[in-house]
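Me: Could you take a close look at one part of this model for me? I'd like to hear about the place where the two protein chains meet.

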2 protein chains.
Amino acid sequence: MHKSAEIKQLLATHNLRSTRARSLILGLLLHENRHYTPDEMLAELKNQGKPLSTATLYQNLRQLTDKGILAKFSGKNSVLRYDINTEEHNHIVCTDCGRVLDVNLEGSLDHLIPKPLPDTKSDLAQWLVATKHLEFKGVCPDCQKV
Amino acid sequence: MHKSAEIKQLLATHNLRSTRARSLILGLLLHENRHYTPDEMLAELKNQGKPLSTATLYQNLRQLTDKGILAKFSGKNSVLRYDINTEEHNHIVCTDCGRVLDVNLEGSLDHLIPKPLPDTKSDLAQWLVATKHLEFKGVCPDCQKV
DNA sequence: TTACGTGCAAACGTTTTGCACAAAC
DNA sequence: GTTTGTGCAAAACGTTTGCACGTAA
């Protein structure tokens with residue numbers, strides 16, 4: 001299936017109309033290993049001669065995130081970034097340049113269960129745990145050279 | 001050691017002067033199982049009759065975070081929160097009300113190693129991995145009642 | 001044809017800055 | 001005495017809103 005058809009179907013299955021703004025946004029994030037900030041998206045789209053208004057971008061980012069199509073996370077300096085929310089994956093963040101890489105895990109998270117801190121009376125046992133996200137921090141190859 | 005002495009020492013070991021603002025901030029976060037937003041800190045301190053200016057709060061939060069005394073993380077709706085950066089610990093976040101609990105792990109993260117995604121040519125092997133932070137998401141007991 | 005999406009400009013909340021004065025060392 | 005921290009007000013920044021018009025279904 002080619003890209004625009006894939007986007008249409010993705011939107012349809014989530015009961016979202018297929019619009020120019022949504023296609024442009026998903027066009028950026030789908031099949032790209034990048035994690036754009038809203039600002040970067042605006043710049044990139046402007047570059048491509050397909051400008052989008054700020055309001056429209058933010059409105060759509062929110063809808064797409066609410067529907068679970070996109071995932072929002074905060075990278076270096078708490079800058080918000082978005083990526084396509086495919087199956088569960090994890091991140092490694094460079095503490096130097098802020099670069100983010102998606103990673104899989106060698107080993108499983110299944111055996112990891114939250115446990116109350118030693119000196120706390122917490123109600124942790126009553127929580128319903130839904131997801132686990134592991135974030136690695138480290139230094140990327142480029143930043144090691146300096 | 002009593003609290004104010006503990007704070008003085010903490011600051012001294014990080015080459016930071018002992019000032020009113022820093023003592024108030026650390027006074028809030030030390031030994032408290034809460035994760036304040038900047039706004040909540042301002043309100044709480046005002047409440048205690050020890051008001052702090054916005055500028056001073058933010059300047060100090062930045063310095064304390066840079067020195068590694070505090071840790072910053074983004075909770076529900078990407079609201080920034082701070083906690084004392086003691087030994088490694090993990091978080092569980094309620095997807096409903098945004099409540100955050102510190103947790104330990106039953107089981108170890110040691111065997112978890114980042115692995116490239118299947119369809120990617122990444123330079124992951126060259127990264128230096130420093131830390132791992134696991135975030136659970138779920139629903140807290142209070143929000144299950146509704 | 002109706003509900004929803006878009007762009008503009010203005011509003012909003014949070015964080016940062018410039019500067020004069022005060023406190024820490 | 002020098003360096004660093006503080007408070008104020010103003011500015012900057014990212015995000016959201018109100019509204020008139022355009023588009024998808």
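Reply: Here's a walk through the interface of chain A and chain B, with a short look at the DNA afterwards.

Keep in mind that this is a predicted model. The contact draws 47 residues from chain A and 47 residues from chain B. Put together, the two chains bury about 4,100 Å², and carbon and sulfur atoms supply 63% of that area.

On the polar side, the rule picks out 20 residue pairs in polar contact across the interface, both partners at pLDDT 80 or more. There are also two salt bridges between chain A and chain B. One of them joins Asp123(A) to Arg99(B), with the closest N and O atoms 3.0 Å apart.

As for which pieces of chain A are involved, the elements giving two or more residues to the side that touches chain B include strand E3 (90-94), strand E4 (100-106) and helix H5 (141-145). The largest share, twelve residues, comes from E6(A). By residue type, that side of chain A splits into 24 nonpolar, 14 polar and nine charged.

E6(A) deserves a second glance: this strand pairs with strand E6 (residues 128-139) of chain B in the antiparallel sense, over eleven bridges. Leu134(A) has Leu134(B) as its bridge partner there.

Both chains also show up around DNA strand C: Thr19(A) and Tyr58(B) are among the closest of the 21 residues surrounding it. Sugar and phosphate make up 75% of the strand's atoms that come within 4 Å of the protein. The side chain of Asn60(A) puts an N or O atom 2.7 Å from a phosphate oxygen of DNA strand C, while an N or O atom in the side chain of Arg17(B) sits 3.3 Å from a base nitrogen.

Terms used
Residues are numbered from 1 along each chain as its sequence is written. Chains are lettered from A and ligands numbered from 1 in the order in which they are written. This is a predicted model: local features need pLDDT of at least 70, side-chain atom pairs count only at pLDDT 80 or more; totals for chains, interfaces and linings use all residues. Side-chain values use heavy atoms; hydrogens and water are left out. A residue is near a molecule or strand if one of its heavy atoms lies within 4 Å of it. A polar contact is a pair of N or O atoms within 3.5 Å; within protein, one must be able to donate a hydrogen and the other to accept it, and residues adjacent in sequence count only if both atoms are side-chain atoms. Contact means heavy atoms within 4.5 Å. Buried area is the accessible area (1.4 Å probe) that two parts lose on being put together, summed over both. A salt bridge is a side-chain nitrogen of Lys or Arg within 4 Å of a carboxyl oxygen of Asp or Glu. Helices (H or I, at least four residues) and strands (E, at least two) are DSSP runs, numbered from the N terminus. Ala, Val, Leu, Ile, Met, Phe, Trp, Tyr, Cys and Pro count as nonpolar, Asp, Glu, Lys and Arg as charged, and the others, Gly among them, as polar. Two strands pair if DSSP finds at least two bridges between them.
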